[in-house]
Amino acid sequence: SCEIETAQALYVDPTLVRKDLLVKGSAQLTDLDPAGRLARSHPGIHFPQGYDSLSATGNLGDPTLATTEAGERLVLTAVERIAAFIEGFIDLPDRLEKP
């Protein structure tokens, strides 16, 4: 995984992270295979590629830079945003009732 996923795992359950196996993945377009370069060269166009086909290591970015503190910020921000959406959804007027 990359730095983001590794940081989240370190925060949620550090026993999931095998720090001895973390390796830096592809970070530049030139590191990627042709399909990976195409997929990453056109923002806004979704061209899904498996990470194993994008990079020789199967990951992008550098998981060795991950920290528990960054993972906490990421997880708590996601929880706050999801909770705010759900609260807003619950507060929507009943759409089945016609005015």
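**Exercise 1. Check the span of helix 4 against the expected value.**

Start with the residue count: helix 4 has 23 residues. Helices here (H or I, at least four residues) are DSSP runs, numbered from the N terminus. Next, take the rule for the expected span, which is 1.5 Å times one less than the number of residues. For helix 4 that should give 33 Å. Finally, look at the end C-alpha atoms: they are 33 Å apart, so the two values agree.

A quick word on what you're looking at: this is a predicted model, where local features need pLDDT of at least 70, side-chain atom pairs count only at pLDDT 80 or more, and totals for chains, interfaces and linings use all residues. Residues are numbered from 1 along each chain as its sequence is written, and side-chain values use heavy atoms, with hydrogens and water left out.

**Exercise 2. Find the buried residues of helix 4 and say what covers them.**

First, the cut-offs: buried means under 20% relative accessible area, exposed means over 50%, and partly exposed is in between (1.4 Å probe, protein chains only). In helix 4, Ala70, Gly71 and Val75 are the buried residues. Their cover includes helix 1.

Now step over to helix 1, where you'll find Ala7. Ala7 has a relative accessible area of 1%, so it is buried. Leaving out residues up to four places away in sequence, Ala7 touches Ala66, Thr67, Ala70, Gly71 and Leu74. Contact here means heavy atoms within 4.5 Å. As for Pro34, its C-alpha atom is separated from that of Ala7 by 29 Å, with their positions 27 residues apart along the chain.

**Exercise 3. Describe the aromatic pair and work out how its two residues sit in the helix.**

The structure holds 1 aromatic pair. Its members are Phe85 and Phe89, with 6.2 Å centre to centre and 20 degrees between the planes, and the pair is stacked. The cut-offs go like this: rings of Phe, Tyr and Trp (its six-membered ring) pair if their centres lie within 6.5 Å; planes under 30 degrees apart count as stacked, over 60 as edge-to-face and the rest as tilted.

Then place the two residues: Phe85 and Phe89 are 4 residues apart in helix 4 (residues 68-90), so about one helical turn separates them. An α-helix has 3.6 residues a turn, so residues three or four places apart point the same way. Last, check accessibility: Phe85 is exposed at 58%, while Phe89 is partly exposed at 46%.

**Exercise 4. Name the members of the nonpolar surface patch and check two of them for exposure.**

The patch covers about 640 Å² and is made by Ile82, Phe85, Ile86, Phe89, Ile90 and Leu92. Patches are made of residues with over 30% relative accessible area and no salt bridge; like charges are joined within 9 Å, and nonpolar side chains (Val, Leu, Ile, Met, Phe, Trp, Tyr) within 5 Å. The areas come from the Shrake-Rupley method with a 1.4 Å probe, and for residues only the protein chains shown count as cover.

Take Ile82, in helix 4: with 53% relative accessible area, Ile82 is exposed. Ile90 also belongs to helix 4, and at 62% Ile90 counts as exposed. From Ile90 to Lys19 it is 41 Å between C-alpha atoms, and 71 residues along the chain.

**Exercise 5. Identify the salt bridge, then explore the loop between helix 1 and helix 2.**

There is 1 salt bridge, joining Asp20 and Arg18 with their closest N and O atoms 3.5 Å apart. The cut-off is a side-chain nitrogen of Lys or Arg within 4 Å of a carboxyl oxygen of Asp or Glu. Asp20 itself is exposed, at 58% relative accessibility.

The loop between helix 1 (3-12) and helix 2 (34-41) holds Ala27, which is partly exposed at 46%. Asp31 lies in the loop between helix 1 and helix 2 too, and is partly exposed at 41%. Setting aside residues up to four places away in sequence, Asp31 touches Ser26 and Leu54.
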